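Reader: Hi! Could you take me on a close look at how the strands are arranged in this structure, and at what packs against them?

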Amino acid sequence: MRTLGVLGGMSWESTLTYYQLLNRGVRDRLGGLHSASLLLHSVDFAPIAAQQKAGEWAAAGAVLAEAARGLQGAGATALLLATNTMHKVAEAIEAAVDIPLLHIGDAVGTALQAGGVTRAALLGTRFTMQEDFYRERLRQRFGIQVLTPDPEAMAEVDRVIFQELCLGRFLPEARDFYLAELERLKVRGAEAAILGCTEIGLLLEGCDAPLPLVDSGERHVALGLEWMLEEPTRSN
């Protein structure tokens, strides 16, 4: 088994899910008392969130690049960045290390492509929904057209993430709003929905959604398990 490094804490709610799913995946594949060989660097999210809000992406990228170097030095053979939004600084992380960063966008794109999806709804932070680092990767590498909510709904999706989900608050009102927004995006032509924030899957777990859901965290974990237990098919 290869050792995998996880850059987490953004938020720790979803990092906990990564840890659980990686260990369950190893257990299910190898049996017995097997568990995942992991190294975790969990950052303090408050300064990172402040840097996001202020547009100080280079500073945030430097924090994660330093953490990535530490994980490589401790023996990690590849990295998972356990958040969608901070893949905006993926290049800074990749430049800091000599091991692959397994990109969450590739995990999502592969799943959508395998399902024959060409138009997908995207829910996530406003950074993930508005900026090109995520949408363009899906378009250029996988031919996926991304549909996002209108500005008012986008603001509410973002508010729920930072003021509720990242604090471990999963409220019925937020769940209803997200499901209604997915219905609107379906009417606009979406064939599936990307849960493009690693906390959204926790909110919608067990829901009867109007679109097939591609949980970015779950797909990312699957890519990590592939690296740990098999010859990887995608490294960057």
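Author: Happy to; what follows is a walk through the strands and then the helices beside them. Please keep in mind that this is a predicted model.

Let's begin with strands S1, S2 and S3. They form an open sheet in the order S2-S1-S3, and the pairing is parallel. At the edges you will find S2 (38-42) and S3 (78-81), each of which pairs on one side only. Neighbouring strands here are turned against each other by 20° on average, ignoring direction. To follow one pairing by eye, look at S1, residues 4-8, which runs parallel to S2 and is joined to it by five bridges. A handy landmark is Val-6, standing opposite Leu-40 in S2.

Now for the helices. Helix H1, made of residues 12-30, lies across S1, S2 and S3 and runs at about 175° to S2. Helix H11, residues 216-229, also lies across these three strands, running at about 170° to S3.

There is another open sheet to see, with four strands in the order S5-S4-S6-S7 and parallel pairing. Its edges are S5 (145-147) and S7 (213-215); each has a single partner strand, so one side of each is left without a neighbour in the sheet. In this sheet, neighbouring strands are turned by 35° against each other on average, again with direction ignored. S4, spanning residues 119-123, runs parallel to S5, and three bridges join the two. Here your landmark is Ala-120, which stands opposite Val-146 in S5.

Notes. Residues are numbered from 1 along each chain as its sequence is written. This is a predicted model: local features need pLDDT of at least 70, side-chain atom pairs count only at pLDDT 80 or more; totals for chains, interfaces and linings use all residues. Side-chain values use heavy atoms; hydrogens and water are left out. Two strands pair if DSSP finds at least two bridges between them. Axes are lines fitted to C-alpha atoms, for helices over the stretch in contact, and angles run from 0 to 180 degrees between N-to-C directions. Contact means heavy atoms within 4.5 Å.
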